[in-house]
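Trainee: Before we look at the model, could you show me how to read salt bridges, nonpolar cores and the faces of helices?

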Amino acid sequence: MAVQQLILRILVTSMLFIGVIRFVSLSRAFKVVVFYLLASDIAECLGLYLIEKQTNNNWVFQVLSTISILLFYWIFKDSLKSLTVKKWLNYSFGLLFILGIFLLTQVYAFDEFPSYTMVLICITVIVFCFIKFKEMLDEPEGTNILRQSQFWLFTSMFFFHAGTFFIWLTDKYLLPNFNTAIVIYWVVFYLNILHYGLIGVGLYLDNKRAL
Amino acid sequence: MNSEGTTTLLYFTLAAVALMLLLSSFIIYFVFRYRKRQGEFALEKEQLRLEFQSEKLRAQLEISEQMMKNISEEIHDNIGATLTMAKLQLTSMSNDNYEKHATQGTSLLTKAIGELRNLSKSLNGNYVLDMGLTQSIQRELNIIDSTGTIKCQLVDETIDFFIPEEKEIILFRCVQEALNNAVKHSEANEIKVSLEEKNKVLTLLVEDNGKGIDTNLIEKSIGFKTMNQRALILGGSFEAKGYPGKGSQIQFLIPFESNFAKN
């Protein structure tokens, strides 16, 4: 398992490295993505370190999920064009952030995984990904869709959050045993590889555009 | 692991695979749909470009026609009259007041030369492009103002406004049409043109204090339809309002690029 984690961390860290080097020339949405990569890399590394120390690491993900709300908000705010949608984005993410803070301070215990916050983030992100896709269809650009960085970014977010939501939905129906944990571990691993891989494609295209 | 656990895991794995297939199908469908829309959009854009080109030509032709009309009026009403007066003064020179007639004749000839100079300036290419939109509007207002029956005012509050020359001609033609309507039909004694910009949108307002446009006429009139079409070509919108006995308002909202950004 350690090897897979190492592969994932190398992937994220190298993307983060490229993002930092080319930060100035990246589009605004991808500048926020660099911060997202940094936050998730720190959180994952810290989480792994705490597990090594046999301490509970769920509080790290509580903090990460709350920060993610703000980062996703900025990504959508910089990418969406319609002013009405932006207004709804403000309301939705404002409410989500308040709920996130409420759950963090009032509901979760220190060692509890922030599953409700994750689910709320997933639903909101999926909805706004659909809106973004609709917006892209309504005003198609001249360049090939597969060469547009934002397409890969939102495909990545769409897959990852739909997958995470699915895992949350089915998790409680799975019997808690070692094999289940193994299967879920692999599903989450591949989902992460897909997520960061697609973000990497987006980052590469955004970087290429700047050149 | 017991058989119940194995079955549940199998279902979970199958559901996960099905979900991935579903999401992938959605993305593939989206890509195909996007490519189709891209083709349609390019076609629409090309049509709009052609429409824009023909409208630009039409606007230029109309401006030229208007110019010829102005020249003919100018020659007939001003220069012709001034030269006739000068001729009269010079003919009367044989009489006693030689100096007086010579001075008046010279001053009339100077006036005629000045008017001819103005006319030649107008003839020199497209004055909208030479003078810019604001100056061209001011010139139109000065012409109306000089009749003495209608008082004209231009309020320009733009700082960052910039549109390409070809669009400038179309926009100027819209203003000219609105001004002609006001002069011919409104029975107004005051006309005000204001230019304002906000959030990269130019608001061009032509107001008069006349009898007010008949709202039924707005939908039928060819002039209003043309103004609307031109505003759409410029990527903006057009609105005409009539207030019976109080006046009319014709408003154009035209998006533009930043002048600072352009520079």
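Mentor: A salt bridge is counted where a side-chain nitrogen of Lys or Arg lies within 4 Å of a carboxyl oxygen of Asp or Glu. Please keep in mind that this is a predicted model.

Trainee: How many salt bridges does a search of the whole structure find over all chains?

Mentor: Seven salt bridges are found over all chains. In one of them the side chains of Asp41(A) and Arg9(A) meet at 2.9 Å, N to O; this pair links distant parts of the chain, with Asp41(A) in helix H2 and Arg9(A) in helix H1 of chain A, 32 residues apart. Both Asp41(A) and Arg9(A) are buried.

Trainee: What does a salt bridge look like when both partners lie in helix H1 of chain B?

Mentor: The general idea is that an α-helix has 3.6 residues a turn, so residues three or four places apart point the same way. Here Glu40(B) and Arg37(B) are three residues apart in helix H1 of chain B, about one turn of the helix, and their closest N and O atoms are 3.1 Å apart in a salt bridge. Glu40(B) is partly exposed, with a relative accessible area of 34%, whereas Arg37(B), at 18%, is buried, because buried means under 20% relative accessible area.

Trainee: Which parts of the chain does the pair of Glu187(B) and Lys211(B) link?

Mentor: Their side chains meet in a salt bridge at 3.8 Å, N to O. Glu187(B) sits in the loop between helix H5 and strand E3 of chain B, and Lys211(B) in the loop between strand E4 and helix H6 of chain B, 24 residues apart. Glu187(B) is exposed, with a relative accessible area of 64%, while Lys211(B), at 45%, counts as partly exposed.

Trainee: Which residues have the most contacts inside the largest nonpolar core?

Mentor: That core has 66 residues, and those with the most contacts inside it include Phe76(A), Phe93(A) and Met157(A). Helices H1 to H7 of chain A, together with helix H1 of chain B, each supply at least two residues of this core, and H6(A) gives the most, with eleven residues.

Trainee: Where around the axis of H4(B) do its buried residues lie?

Mentor: Helix H4 of chain B, residues 133-145, reaches 18 Å from its first C-alpha to its last. Its buried residues, among them Leu133(B), Ile137(B), Glu140(B) and Ile144(B), belong to a set that covers an arc of only 140° around the axis, which puts them on the same side of H4(B).

Definitions and conventions:
Residues numbered from 1 in each chain as written. Chains lettered and ligands numbered in written order. Predicted model: local features only at pLDDT ≥ 70, side-chain atom pairs only at ≥ 80, totals over all residues. Heavy atoms only, no water. Core = buried A, V, L, I, M, F, W, Y, C linked by side-chain atoms within 4.5 Å. Buried < 20%, exposed > 50% of the residue type's maximum accessible area, 1.4 Å probe, protein only. Helix = DSSP H or I, 4+ residues; strand = E, 2+ residues; numbered from the N terminus. Expected span 1.5 Å × (residues − 1). Arc of directions from axis to C-beta.
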